[in-house]
Amino acid sequence: MHRPATPLNKPDAVRSRDDSAEQRKLVRKIVSTAIVASAVLITVYVWSITERHPRTDDAAARANVVGVVPRVRGEIVRLAVQDNQLVKEGDLLFEIDPDDYELALEKAKSALAALDEQIEIGHSQDEELKFGIKAAEAGVALATAQGKQANDTLHRLEPLLPKHFATAEQVDQATTASRVAAQGLAAAEQKLNQAKTALSTLQTLLAQRPGAVAAVKFAQLELSYCKVKAPFTGRVVNLNISSGAYASVGIPVFSLVDTSKWYVVANFREAEIRHIAPGSQAIVYLSSAPNQRFRGKVQGIGWAVKPEGEIDLPPAGVPYVKRELNWVRVAQRFPVRIEVENPDPDLFRMGASAVAIIKGGPARR
């Protein structure tokens with residue numbers, strides 16, 4: 001009778017198949033373990049890279065923007081630019097009606113000319129006035145001497161009158177002479193004062209001249225302000241006026257973007273800030289051109305942001321960074337200002353979305 005095969009008496013072919021299956025299972029386990037381990041290692045490596053080289057897509061291109069503010073008021077008679085136009089430093093932007101300022105300049109020049117004419121007349125009389133002062137001073141000295149002599153004579157004669165060594169007529173003559181000498185001294189002093197006053201008038205005119213010259217320069221300066229020129233190379237933005245509009249002092253007519261220097265303001269999580277320092281190298285690219293990289297350098301890290309949901313808010317002007325979620329507590333983000341070293345003026349636009357990657361320590365020169 002034939003008996004069924006047992007594990008002890010399996011044919012060699014069956015045992016070979018079983019061994020192969022076990023080996024395949026073992027290989028699969030080893031491969032799976034290797035894959036998991038590799039994934040863990042890759043994850044740890046990527047995490048370490050991300051920690052040491054923070055990256056964020058919460059970033060935007062920025063540039064310095066100034067309002068073009070006129071320094072004089074008046075009607076705009078010429079608008080030399082259009083919205084979004086590129087202008088060079090010194091290019092004419094617009095011109096304010098100069099008529100009032102030209103008249104003010106002519107008035108200031110006329111006042112200066114009249115003053116100069118008076119000064120010229122004063123100079124021509126200067127020697128005569130100085131001679132008059134010297135003559136008046138001599139007259140005062142003479143009158144003083146005559147008065148002293150008359151008084152001395154009167155004082156000698158008065159004690160002699162009771163002793164009849166002098167007559168009453170002689171005393172009267174001495175008294176009259178003393179009075180006449182006093183009046184002569186007063187007249188001489190008045191002439192001296194008049195001569196000094198005439199000479200001081202010239203000094204007053206000379207003292208007024210710097211003010212008149214300053215008035216002319218100020219009128220010229222205001223006239224020059226009628227032509228408003230570009231303070232730097234940039235692009236005109238927010239231009240919504242035309243010729244005929246009235247420009248007021250201190251009120252911007254439009255804005256000018258400084259295209260000579262570009263920044264990327266990137267918001268990094270507070271835990272990433274410790275890996276960033278002023279001078280750190282960075283790589284940035286714009287969402288509109290992801291394949292073009294630009295070098296950058298961290299200029300500074302924000303020290304204050306406007307907290308969300310707080311009652312006691314800091315003063316105005318602190319940047320506000322919106323959190324990604326409002327139903328869980330998430331890490332605060334702080335703005336990092338990155339100066340772009342090689343910006344492409346055809347790609348960079350104010351507010352363009354960007355991605356920033358911190359590459360390491362301070363840039364080497």
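Accessible areas here come from the Shrake-Rupley method with a 1.4 Å probe, and for residues only the protein chains shown count as cover. The model is predicted, so local features need pLDDT of at least 70 and side-chain atom pairs count only at pLDDT 80 or more, while totals for chains, interfaces and linings use all residues. Numbering runs from 1 along each chain as its sequence is written, and side-chain values use heavy atoms, with hydrogens and water left out.

**Exercise 1. Get the overall picture: how many helices and strands does the protein have, and what is its accessible surface?**

Step 1. Start with the elements, which are DSSP runs numbered from the N terminus: helices are H or I with at least four residues, strands are E with at least two. The protein has four helices and twelve strands.

Step 2. Now the surface: it comes to about 24,400 Å², with 55% of that belonging to carbon and sulfur atoms.

Step 3. Buried residues (under 20% relative accessible area; exposed is over 50%, partly exposed in between, 1.4 Å probe, protein chains only) make up 28% of the 365 residues.

Step 4. Finish with contacts, meaning heavy atoms within 4.5 Å. Among those with a separation of 6 or more, 79% come from residues 24 or more positions apart.

**Exercise 2. Work out the order of the strands in the four-stranded open sheet.**

Step 1. Two strands count as paired if DSSP finds at least two bridges between them. Strand 4 (residues 92-96) pairs with strand 5 over three bridges, antiparallel, and Glu95 sits opposite Lys227 there.

Step 2. Strand 2 and strand 4 also pair in the antiparallel sense, over three bridges. Glu95 turns up again here, as the bridge partner of Arg78.

Step 3. Strand 2 (residues 74-79) pairs with strand 7 over two bridges, again antiparallel, with Glu75 opposite Tyr246.

Step 4. Put it together and the order reads 5-4-2-7. Strand 5 (227-229) and strand 7 (246-247) are the edges; each has a single partner strand, so one side of each is left without a neighbour in the sheet.

**Exercise 3. Which strands feed the largest nonpolar core?**

Step 1. A nonpolar core is a set of buried Ala, Val, Leu, Ile, Met, Phe, Trp, Tyr and Cys residues joined through side-chain atoms within 4.5 Å. The largest one has 26 residues, and Val264, Phe268, Val336, Ile338 and Phe348 have the most contacts inside it.

Step 2. At least two residues each come from strand 1 (55-68), strand 8 (254-269), strand 9, strand 10 (289-301), strand 11 (333-340) and strand 12 (353-362). Strand 8 gives the largest share, five residues.

Step 3. Another core, of 20 residues, lies apart from this one, and includes Val81, Cys226, Val253 and Phe254.

Step 4. For a close-up, take Ile338: leaving aside neighbours within four places in sequence, its contacts include Trp262, Val264, Ala282, Val298 and Ile358.

**Exercise 4. Is Ile283 buried or partly exposed?**

Step 1. Locate Ile283 in strand 9 (residues 280-286).

Step 2. Check its accessibility: Ile283 is at 21%, so it counts as partly exposed.

Step 3. List its partners: not counting residues up to four places away in sequence, Ile283 touches Arg293, Phe294, Arg295, Val355, Ala356, Ile357 and Lys359.

Step 4. Look at one pair: Ile283 and Lys359 are 76 residues apart in sequence, yet 6.9 Å apart in space, C-alpha to C-alpha.
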